[in-house]
Every structure is written in structure tokens, then in C-alpha cells.
Amino acid sequence: MESLQHLMMGFSVALSLQNLLFATIGCILGTLIGVLPGLGPAAGTAILIPITFKLNPTPAIIMLAAIYYGAMYGGTITSVLINVPGEAASVVTCLDGYEMAKQGRAGPALGIAAIGSFIGGTVATFGLVLVALPLARFALKFGPPEYFALLCVGLSLVMGLAGKSLIRALLMGILGLLLSMVGVDPVEGAPRFTFGITPLLDGIGFVPVVMGFFGIGEILLNAEKAFTGIMTGGGKVTSFFPRRDEWPICITSILRGTGLGFFLGLIPGTNSAVASFMSYIIEKRVSKHPEKFGTGVIEGVAAPETANNAYANAALIPLFTLGLPGSPTIAILMGALIMNGLMPGPLLFKMHATFVWAVIASLYIGNVILLILNLPLVGWWAKLLKIPYQTLLVFILLFCIVGAYSLNNSIFDIGVMIVCRVLGYIFKKLDFPLAPAILTLILGPMMERSLRQSLSISQGDYSIFFTRPISLLFLIITAVILLTSAWQVLPAVVRQESKEAQV
Amino acid sequence: MSRLFRVVDCLLLLFGAFIVHLSLQLSYGAEFGPGPGFFSFWLGVLMIGLALIDIIGTLRQPQEPLPPGFIPDRDGIRRVLYIVGALVATLFLLKPLGWTLTIFCFSIFLLRTMGRQAWWLTLLLSLVSSFGTFHLFRQLQVFLPTGILGI
């Protein structure tokens, strides 16, 4: 009940003309990013951060959140119309979405994706309203030891972003932690890893690193390939609604997608692509005609699109309540919050209640705006694909340069971005995952601070982490996650050895 | 492919050793608990250990050929180098020349080398990207650098 009162207050702020305008701009820019192949939500959100620099925190975060979930939907349009996913979560939508478009049913595919995204996003936001306040209150009991142990859980979940190799994910995580340590030591004030370079005393900025790793890194990978010029559509958009006999199956698929996306959003270390892929697999398993999947069945579009939007909204729960970013895009949002002087976590609900509830309310509003924007304007979005990529590339690079420069008015930060771009490009080519580095870059300073605060409280006694029940529980969870992940890696080596022995 | 991984792992191993060396120059302990060098020391050690494990792992794997498209064709390399070169040049020219002039040259160079647009379109887009963004961001209270010419 109290949550609903807060939510009403949030609506009164989010519905102001200014915030509505920024939510709409965010949805438009987000959809634009999603539509453009090669730019995912993480890169897009990072590139557009500079637009929000001089705004107040509430409209700034409302706009960035709108960019985030707008990009999630934008990727669907290209998947359906031209078989090119705008971002990873939309890859699976190509399978049936494009087939539907080829059969002249692009409209219903896009329509059900928009409706599913709306329902998934709205239900997940309702879940956020219900869960956020109790969870934040519980988290208020945390002192530095509990917070340190919680951050250990967050870091151990880096395993979830491991990709093909756990060890390489850990190496990237360590690299992010080391980058976060450049600058002045938070407790004693001693300079660390600054090599006498004055700008490094302020540390390595989060924005230049993200721009380098995600923004420009992706551009270079795209630039390697020959530009194919103007893209052509796979289907004409007419009616947006499914046939009457398809509605029941769509509704059950949307409900399953919502549940799955919401659940996965609560788990840090997953991502929206996992939500959409799992949802597609589940639909295929429960379907009476699994053999038809991939030939243009509507539930093959409805479920994954619903799941990825439910995921996008639910992933904000661990961020707002515990200060844990679960995915690279959420980590970028967290960085934007910190830049605006707002520390995500339980205190956010106590100290900045108006802000946080306005952002939550804006998620509902954003979902409505997306629905209104996307259905009638699909044709317009498709036309954007006719802009040659080489022209877009110049403007994307410009935004990256402005973004890196404008945070501290520092040309040095542009240099940092270029170095990170080279590193990001090499690591991405070699399949070293970049997401762990971004997460640890953000969590690293908090983790070090809480560890050292804890030990100051206990006067150097490490048992403080094991004698407090919540802290102990989190450390046990961390150990379980680490051991489970290590177990998955070790047997492969052992198996290989035993095979060799048998031979 | 695994040979390439080994090279990167060796570089990461050396980087880890460098971090350990730097951390030992910082104080390891403070009055209560760890000092400024504690975290980085153990992270460096961990990096060395993980890089070694990965090297051993790649030694056990059979030699695989590079995946198709791993090394871009000549045009692809040229495009990547053009972008990197343009960015590095921007880094050094931004202070003396200012935003508008530097970005005008940057845009003309990339638009002409990446695509094959008509000159009038290249000039128009370059004007928008340089003067246009300068004034757009000024409206957003982001002041981009002005050079010796004051633009």
C-alpha cells in the first residue's frame, strides 16, 4: 500500500511536461539505436550519456532508462523486416519474425512483439514496485561487512557473463578492478598507478572506458566488413494484429515470457539475450507443433520479445535496491546515477525517494509511449535503414568523442577512450568478454571501500565477515557460485586427462 | 588460434607481474587491515595464476586454424586504420584547432574514405557534424574546445 502511495507521487513527477518530453525523446533515440544494426543497448546508452550531462538527475535517468528499453524494442524491427538483429536479444526473433515477414505477416509479428513487450515491461515494473521497498528496507540493515559480502556475490556472478571461457572472464574482471584502482587511494589518499600523470589522479573515467569498449569497439568490428549499402525490406507492413485463432496461444506465450524474463532479471550476471533464447526454447518444448518453429509461428516472436522486455525492467530491481548492476547496460545506468550524485542501493529509496519513484513511474509511461510510437511508426523506422552506415559511423564517433570529453572537459579522457577502443577491439576479436571488466570497474571501488571500512570497525579482525549472519550467508552464496563455476571448468580438464590416459 | 591466445595470456601474465611489482612499492598494510597496495597485489597474483592456467589449457588444445574472417581483408584493415588514425589525429588537433575545425576535417576525411558520397553531400554533412554539433551541445550546456582561432 505504501509502495502504491509512493508510486502515485512518482507519477505526479514523471507526468510533468518536461519528464514526459525526455521519456519520449529517450524512447525515440532508444528505438533508433535498436534499429541501427551494430549498436546494442549498452553501446547506445553509453554513447547518449553526454546528452544528459547537464540535465537534472530525474529527467536524465528517465531519459537514459527510456533509451535502454527503447533499444530493446528497436532491435525487433530490423529482425523482423530485414533479418538483421539490432541487438543480441533480438537474434532469436529473426527465426520466426523474418519468416512471418516473408509470408506477408510482418505487421502481426511487429504488433505482437510490441504488445508482448508492453505487457512484459509493465508487469515487471509492477513487480519492481512490490519488491523494491521491502528489499531496500532489508538492505538498510547492511553495514560495511554485509555490503562487502554482497559485492562478492555480485562479482562472483561475473561468471554468468563468462561467454566461452570462465578464466578469460575472470581475467577481464581483474582488469576492470585494476583500472578502478588508478587514482588516489580512498582511505589513505596515496596515489596509485598514476605514473606521475596528473589527470590520472582523478582515476580512469567510467564513460571513456565504456565508450571505448562498447561504442567504438563495435564500430571497428563493423568497419572491418564491407559496407553493403542500402538494405532492403523483407515484407510489407499492413495490419498489426494476429489472427483471432492466434490470440490464445499468444497470451499464454506472453505470460510465460513475462514470468521467465522477470525471474532472470532478478539474477545479476544474466542478460536479455539469455532471457529471449530461454523463452524461445521453452515455447518450442511446450508447443504441440515444435517442428513448425523457425517457419514463422507467432509464439516464436511473442515469447522472446516479451521475455527480453520483462527482463529489462526487472533488472532494475537489484540495481535500485542493492546497488548491484546485473548486466553491462545496467552497469552503464549505474554509472550515470553515480555521475549524477546518486548512489544506487537501499539508501536511494530513503534519501532520494521522489527521484527513484519518478523513474519507476516513468517505466510505465515509457512502455505506453513505446507502444504508441512503435505500432504506427514502424514504416518510418524501417526507412532509417536506408541511411548509409558510413554516414552514421561518423556521427556515432562524434558522439563518442563528445561523451568522453564533456564529462570533465578533458582531452586526456579522449585518449583513454582511444586506448580502450584498441584494447576492446583486440579483446573482442579474441573472444575475451568485455562485460566483466565494466562491472568490476564500477563495483571495484565500492568493494575496496567496504572491505577497508569493515576492517577499521573490527580493528583489523577478519572474522567480522564470518560472525555476522547476513555477511556469512552472502559469503557462502559466493563460495557456492565460485565452486559450481570452477566445477564446470575443472572436469573438462580432468576428462581430457582421463581420455588421454585411456588412449 | 590457441597460439594467439597464448601470446595474449603471456602479455596478461607480464602485466600481472608488473602490477605486483608496482603494488610492492605501495604499503601492503595499514593501521587496521589492508593498505593501498593490498588489493592490487593480490589481483596481480591472481592475474598471473589465471594467465598461467589459460596458457596450460591452450597447450593441451589441438592447434586450430583461425576462424574465417578473423583477419579482415585489405580493405577492412584500411578502414580500421583510417578510423584509428582519424581519432588519434583528432586527439592531438583538438586543442590547437578547436572542435569545429578539427571535426570538420575529421568528417570530410572519414566520409570520403569510408563512403563514396558526392562532394556537396560530404561538405554538407561535415558542416552539420562540426558547426552543428558545436552549437547543439552549447545549447545543452556542454562547451566544446575552441582553438587558436576561437572557433
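**Group meeting: chains A and B**

Okay, let's start inside chain A, with helix H2. The buried residues there are A:Asn19, A:Phe22, A:Ala23, A:Gly26, A:Cys27, A:Leu29, A:Gly30, A:Thr31, A:Ile33, A:Gly34 and A:Val35. Before I go on, please keep in mind that this is a predicted model. So, that helix: H2 of chain A runs over residues 17-35, which is 19 residues. From first C-alpha to last it reaches 27 Å, close to the 27 Å you'd expect at 1.5 Å a residue. And the general point to have in your head when you look at that list: an α-helix has 3.6 residues a turn, so residues three or four places apart point the same way.

Right, over to chain B. What does it have in the way of helices and strands? Five helices and zero strands, so to speak an α-α-α-α-α pattern when you read along the sequence. Now, the radius of gyration of chain B is 24 Å, and the globule rule gives 15 Å for 151 residues. That's well over, so chain B is more spread out than a compact globule. Along the principal axes, its C-alpha trace spans about 60 × 50 × 25 Å.

The domain split goes with that picture. Chain B is divided into domain 1, residues 2-60, and domain 2, residues 74-139. Their C-alpha centres lie 40 Å apart. As for burial, 32% of the 151 residues in chain B are buried. And if you take the contacts in chain B with a separation of 6 or more, 60% of them are between residues 24 or more positions apart.

Next, the place where the two chains meet. The contact takes 50 residues from chain B and 49 residues from chain A. Which helices of chain B supply at least two residues each to the side that touches chain A? H1 (2-24), H2 (38-60), H3 (74-97), H4 (99-114) and H5 (119-139) of chain B each do. H3(B) gives the largest share, eleven residues. By type, that side of chain B divides into 35 nonpolar, ten polar and five charged residues.

Last stop, one residue to click on: B:Leu127, in helix H5 of chain B. Is it buried, exposed or partly exposed? There are 14 C-beta neighbours inside 10 Å, so B:Leu127 counts as partly exposed. You can also pick B:Ser107, which is 20 residues away along the chain, with its C-alpha 8.6 Å from that of B:Leu127.

That's my tour, thanks.

Conventions. Residues are numbered from 1 along each chain as its sequence is written. Chains are lettered from A and ligands numbered from 1 in the order in which they are written. This is a predicted model: local features need pLDDT of at least 70, side-chain atom pairs count only at pLDDT 80 or more; totals for chains, interfaces and linings use all residues. Two residues are in contact if their C-beta atoms, placed from the backbone, lie within 7 Å. Helices (H or I, at least four residues) and strands (E, at least two) are DSSP runs, numbered from the N terminus. Ala, Val, Leu, Ile, Met, Phe, Trp, Tyr, Cys and Pro count as nonpolar, Asp, Glu, Lys and Arg as charged, and the others, Gly among them, as polar. The radius of gyration is taken over C-alpha atoms; the globule rule is 2.2 Å times the number of residues to the power 0.38. A residue is buried if 20 or more other C-beta atoms lie within 10 Å of its own, exposed if 12 or fewer, and partly exposed in between; C-beta atoms are placed from the backbone. The expected span of a helix is 1.5 Å times one less than its number of residues. Domain bounds come from an automatic or database domain assignment.
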